[in-house]
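Please look through the sequence and the model shown below before reading on. The paragraphs that follow move from the interior outwards and then turn to confidence.

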Amino acid sequence: MRVFRFIFRVLPTVILSLIMAIAVWVTAVTASDPNQERVYPRPVPIEIIGQDSGLVITGQLPEQVNLTLSAPNSVWNRLLREQTPIRAILDLSGLEAGLHRVNVQIQIGVRPIEIVTCTPCTLNVTLEAIASRTMPVRLLRVGEVAIGFEVDAPYLSQTSAAITGPESLVRQVREVRAELNISQANSTISRSIDPVSYTHLTLPTIYSV
């Protein structure tokens with residue numbers, strides 16, 4: 001019993017002494033290597049991971065984030081001199097088609113460090129299913145051949161094109177055109193033409209062939 005009484009009597013003193021020792025140590029470390037809050041001088045590119053191969057991101061997303069960090073001077077020196085990698089990750093794992101609000105995950109390969117601000121920290125990401133359809137290509141002749149020459153009906157070696165992209169845009173395509181410019185031509189023309197897809201509003205849209 002005397003031992004327990006002794007322990008209970010001195011325990012508060014021991015705990016207080018330990019707390020004071022830790023406080024003194026922290027103060028000494030902070031004084032010799034103070035924290036500084038700074039803007040990280042290099043924008044960090046956003047890495048997209050986990051995106052379903054059957055989905056595509058529609059709309060514009062920022063390509064990088066800007067960071068304000070708080071860290072001891074020694075850590076700042078390592079960040080800037082050794083170029084310790086900082087990663088900004090946008091993880092789309094498990095996300096289906098639709099609008100999602102996704103946090104940007106910041107990974108820094110040195111400690112201790114605190115992320116004060118991250119701009120932008122959260123992104124609105126719209127995912128849409130990839131669709132594909134095959135459509136005939138309409139050949140349009142533009143201009144006139146040189147004087148004294150005649151032109152036969154032009155023809156395409158490939159009369160259809162596969163359109164691939166976000167489902168909502170692919171559905172809007174009404175026509176695929178290929179324009180052949182024969183202005184002042186005076187010999188046989190064999191030319192590679194990039195087709196362009198048009199919606200019902202006659203505006204060019206995304207396509208691939």
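Leaving aside neighbours within four places in sequence, which residues is leucine 69 in contact with? In this predicted model, the partners of leucine 69 are Gln36, Glu37, Arg38, Tyr40, Trp76, Leu79, Ile86, Ile108, Ile113, Glu114, Ile115 and Val116. Leucine 69 also belongs to the largest nonpolar core, a set of 25 residues, where it is listed with Val65, Leu67, Ile86 and Ile106 as having the most contacts inside the core. The elements that give two or more residues to this core are strand S2 (44-49), strand S4 (64-72), helix H2 (73-81), strand S5 (86-91), strand S7 (105-108) and S9, and among these contributions that of S4, with four residues, is the most. Another core lies apart from the largest one and has nine residues, including Ala131, Val137, Ala161 and Ile163.

These cores can be set against the chain as a whole, which has three helices and 12 strands. Of its 209 residues, 26% count as buried, and the accessible surface comes to about 14400 Å², with 55% of that area belonging to carbon and sulfur atoms. Among the contacts in the chain with a separation of 6 or more, 69% are between residues 24 or more positions apart.

One pairing of this kind involves the loop between strand S9 (122-142) and strand S10 (160-166), where glutamate 144 lies. The C-alpha atoms of glutamate 144 and serine 183 are separated by 4.7 Å, although the two are 39 residues apart along the chain. Beyond residues up to four places away in sequence, glutamate 144 touches Ile182, Ser183, Gln184 and Ala185, and yet glutamate 144 counts as exposed, because its relative accessible area is 53%.

A polar side chain can be followed in strand S6 (residues 98-103), which holds histidine 100. A polar atom of the histidine 100 side chain lies 2.6 Å from the backbone oxygen of glutamate 96. With neighbours within four places in sequence set aside, histidine 100 is in contact with Leu95, Leu123, Asn124, Val125 and Leu127.

The cysteines call for a closer reading. Why do cysteine 118 and cysteine 121 not form a bond? The sulfur of cysteine 118 has its closest cysteine sulfur in cysteine 121, but the distance is 3.5 Å, so the two are too far apart for a bond, given that a disulfide needs the sulfur atoms within 2.5 Å. By this rule the count of disulfides is zero. As for their surroundings, cysteine 118 is buried, with a relative accessible area of 8%, whereas cysteine 121, at 36%, counts as partly exposed.

Finally, the confidence of the prediction varies along the chain. The average pLDDT is 80, and 78% of the residues score at least 70. Among the elements, S6 has the highest mean pLDDT, 97, and helix H1 (residues 2-32) the lowest, 51. Over residues 21-31 the pLDDT is below 50, and this stretch has zero contacts in the model beyond near neighbours in sequence. Residues 200-209 likewise stay under 50, but for them the model has 28 contacts beyond four places in sequence. Where pLDDT is low, the predicted coordinates should not be read in detail.

How values were computed. Residues numbered from 1 in each chain as written. Heavy atoms only, no water. Polar contact = N/O pair within 3.5 Å; in protein donor to acceptor, adjacent residues only side chain to side chain. Contact = heavy atoms within 4.5 Å. pLDDT = per-residue confidence, 0-100. Buried < 20%, exposed > 50% of the residue type's maximum accessible area, 1.4 Å probe, protein only. Areas by Shrake-Rupley, 256 points an atom, 1.4 Å probe, with all protein chains shown as cover. Core = buried A, V, L, I, M, F, W, Y, C linked by side-chain atoms within 4.5 Å.
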